[in-house]
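Work through the following exercises with the structure open beside you, and try each task before reading its solution.

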Amino acid sequence: MTRVRLGVLLAVLIVLSATIGPTLVPFDPIRPNYTLRYAPPSPEHMLGTDNLGRDVLARSLAGGRVSLAIAGGATVLAVLLGLLTGLSAAGLRGAVDVVLTRAFDALLAFPGFLLVLLLVTILGGGVWQTVLALGVAGSPLYFRLVRAFTRSELQRDYVLAGEALGASRPRLLFRHALPNFVGALAVQAASTMATFLLVEASLSFLGLGVPLPTPSWGNVLQDARSFLTRQPWAAVGPGLVLASAALALQFLSDGFRDRLDHRV
Amino acid sequence: MLRFLLSQALSVVITMVVVLSLVFVAMRALPGDAAAILGGLDTTEAQVDALRRQLGLDQSVAVQFGVYWSGVVRGDLGRSIRERRPVAEVLRDRLPVTLALASFAFVLALAIGLGLGLLAGRHPGSPLDNATLGFTTIGLALPEFWFGFLLILIFAVQFGAFPVIGYPVAGDVGVRLWHLVLPAVTLAIPRAAQMARLARARLLEELGADYTRTARSKGLPARRVTRHVAANAFPGLLPLLALELGGLLTGTIVVEQVFGLPGLGLTLLGAIGARDYPVVQGVTILAVTIYIGVNWLADLLQIAADPRLRYE
C-alpha cells in the first residue's frame with residue numbers, strides 16, 4: 001500500500017519534471033556557453049555546468065523527456081507485439097503456435113543486452129531505432145505470458161459457454177479472455193519500463209542509443225563520465241533522477257502485484 | 001528418462017541452428033559493405049571488387065550461408081578486419097579478462113544474494129527482512145554504469161583505495177584482482193538483488209508448505225526440516241542463476257567500458273564502432289553458445305536435483 005503511494009508520488013514528480021520542468025529552467029539544454037564551463041553548483045545552476053558550459057539540470061530535465069518517451073514507447077511496443085502474437089499462438093494453435101514459439105525461443109536464446117545491442121547496431125542509432133530495438137527485445141516475455149494466460153483462460157467453462165452461445169473466436173479472445181489477465185500484464189509492463197529506462201541509459205552511455213546533442217539521461221551521463229572527477233555533480237544528479245524514475249516504476253509494479261495477489 | 005533427455009538435447013540443437021542462422025542474417029543486415037570498409041578510403045573500385053571476391057562476398061547468399069556454417073562447425077570464425085588476425089585468436093586474448101570479472105561478480109552476487117535472501121526468508125517481517133527488501137528494490141533500480149561512477153568517485157578518487165580505471169593484463173594475480181574489485185561489485189549488486197528476491201520468495205513458499213508443518217509438528221529437529229526445505233527450494237533457483245551466469249559474458253560490456261577493462265565487451269564495442277563484423281559475429285556466436293549451454297546445464301541440474309520434474 002505504502003509502496004504504491006510512494007511509487008505514484010515519485011512517478012508524478014518525475015513526469016511533472018519531464019513535462020513542465022524544462023520550461024522552469026531558463027537555460028538552453030543544447031546551446032553551448034563557453035564562458036561558463038565547469039561552473040560549480042550554485043543557486044543559479046543547481047547541478048553546475050558541463051564541459052560546454054551547459055546547465056546540467058536543464059539537460060537532465062530535457063533528457064528525461066527523451067528517456068521516458070523512449071522507455072514508455074518501447075514498453076507499449078513490446079506489450080502489443082507480445083499480445084498480438086501470444087493471442088494468435090494460443091487462439092490458432094497448430095503450425096502458427098509452433099512457428100511463433102520457436103521464433104521467440106530463438107530471441108530468448110540471446111542474452112538480453114546483447115540482443116538490444118545487435119538490433120541497435122543493425123538499425124543504427126536514433127530515438128525511433130532505440131524504441132524498435134527495445135520493443136522487439138522485450139516482446140518474447142509478453143508473448144510467453146499472453147500465450148500461457150490465454151491457454152489457461154480458454155480451458156475455462158465460461159469460454160465453453162461462450163462458444164455454445166455462438167461467440168466468435170476473436171470475441172472470445174479479446175472480450176472475454178484478455179480482460180482476465182490485462183492487469184497482470186500492466187504490472188509486468190511497469191517493471192519492463194523500469195528496465196528499459198536503465199537499458200536505454202546504458203545504450204546511450206555507450207554512444208549507441210540517442211545521438212548527441214539531443215540529451216537523454218544516458219548520454220548526459222556519458223558526457224559526465226569524461227569530467228567525472230572535475231564535476232562529480234554532473235554525474236550524480238542525472239543518475240539520481242534516473243534511478244528514482246526506475247525506482248518509482250518498480251514500486252508501482254511491486255505494489256500492484258501484491259494487490260492483485262491479495263484479491264485472488 | 002533417456003527419451004526426455006534426447007528430446008531436450010534435440011530442442012537445444014534446433015534452437016542453436018535457428019539462432020546461428022539469425023546471426024548470419026543479422027550480420028548481412030549490418031550497414032556498410034565489408035569489402036569497402038576493409039579496403040579503406042584510398043581503394044579503387046577494382047581493388048574493392050578483388051577484395052569482395054577474396055572474401056567470397058560475390059557468391060550467392062546460399063553459398064555464403066554454407067561457408068558460414070562450415071566455418072562455425074569447424075570453430076573457424078574468420079579473420080578480424082581491424083586486427084588482421086583470426087577472430088578466434090582475438091577472442092582467446094580477450095576472454096580471460098571477462099571470465100575473471102564475470103566469475104568474480106557471480107561469486108559475489110551469489111554470496112550476497114543467496115545469503116540475504118535466505119536470512120530474510122527465514123525471518124519474514126524482521127528488520128533484516130525489511131532491509132533486504134529495500135536493498136533488492138534499490139539494487140534493481142540502479143543504473144549499472146552510474147553505480148560504477150559512484151564507486152569510482154567514493155572509493156578510487158576520494159579514498160584512493162582502488163584504481164580508477166584500467167587493468168594490467170600482465171600484472172600478478174593480486175594486482176589484477178585489485179583492479180577487478182570495483183567492477184565486480186558494480187556487476188554483483190543488481191544480480192544479488194535478483195537472487196535475494198527469488199531466494200526469499202522460494203524459501204517463504206516452502207516454509208509455508210504443508211510438509212514443513214507436518215515435519216515440525218512431528219518433532220523433527222530444525223536441521224532436518226531445513227534439509228527438506230532446502231531440497232525443495234533450491235532447484236527452483238537454478239534457472240535464474242543460469243540466466244545470470246550465462247548473461248554475464250556480455251553483461252560485462254557496460255562495466256568494462258566504465259572501468260576501461262580490455263575484455264570481450266570492449267572488443268565487441270570497438271568492433272561495432274570500426275564495423276569489424278567478423279569480430280561482432282564471433283563474439284555473438286561465443287556469447288550465445290555459452291548462454292544456451294549454461295541454461296541447458298541448469299535445466300539438467302534442476303532435473304537431477306528435483307525428481308518430480310522427471311515424470312512430466
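**Exercise 1: Two helices of chain A**

Task: Find out how H3(A) and H8(A) cross, and which classes of residue make up their contact.

Solution: The crossing of H3(A) and H8(A) is right-handed, in a model that is predicted. As a next step, consider the geometry: helix H3, residues 56-92 of chain A, packs against helix H8, residues 169-205 of chain A, at an angle of about 145 degrees, and their axes are 8 Å apart. Then look at the residues that meet, which on the side of H3(A) include Leu68(A), Ala71(A), Ala78(A) and Leu83(A), and on the side of H8(A) include Leu173(A), Phe181(A), Leu185(A) and Phe196(A). Sorted by class, the contact of H3(A) with H8(A) has 17 nonpolar, five polar and two charged residues.

**Exercise 2: The interface of chain B and chain A**

Task: Describe the contact between chain B and chain A, beginning with the residues in contact and going on to the buried area.

Solution: Begin with the residues: 42 residues of chain B are in contact with 35 residues of chain A. Turn next to the area, where the two chains bury about 3,300 Å² between them, with 81% of it on carbon and sulfur atoms. On the side of chain B, the residues that lose the most area to chain A are Phe145(B), Trp146(B) and Phe149(B), which together account for 18% of what that side buries.

Now look for charged and polar pairs. The count between chain B and chain A is one salt bridge, and in the pair formed by Arg197(B) and Asp254(A) the side chains meet at 2.5 Å, N to O. Across the interface there is also one residue pair in polar contact, with both residues at pLDDT 80 or more.

Finally, ask where the touching residues of chain B come from. Several helices of chain B each supply at least two of them, among them H1 (2-29), H7 (144-158) and H14 (277-305), and the largest share, 10 residues, comes from H1(B). By class, this side of chain B has 34 nonpolar, seven polar and one charged residues.

**Exercise 3: A salt bridge within chain A**

Task: Explain why the pair Asp97(A) and Arg147(A) ties together parts that are apart in sequence.

Solution: Over all chains, the count comes to 14 salt bridges. In one of them the side chains of Asp97(A) and Arg147(A) meet at 2.8 Å, N to O. Because Asp97(A) lies in helix H4 (residues 94-108) of chain A and Arg147(A) in helix H6 (residues 127-154) of chain A, the pair ties together parts that are 50 residues apart in sequence.

Definitions and conventions. Residues numbered from 1 in each chain as written. Chains lettered and ligands numbered in written order. Predicted model: local features only at pLDDT ≥ 70, side-chain atom pairs only at ≥ 80, totals over all residues. Heavy atoms only, no water. Contact = heavy atoms within 4.5 Å. Buried area = accessible area lost by both parts, 1.4 Å probe. Salt bridge = Lys/Arg side-chain N within 4 Å of Asp/Glu carboxyl O. Polar contact = N/O pair within 3.5 Å; in protein donor to acceptor, adjacent residues only side chain to side chain. Helix = DSSP H or I, 4+ residues; strand = E, 2+ residues; numbered from the N terminus. Nonpolar A, V, L, I, M, F, W, Y, C, P; charged D, E, K, R; others polar. Axes fitted to C-alpha atoms, helices over the stretch in contact; angles between N-to-C directions. Left-handed = near helix turned anticlockwise from the far one by under 90°.
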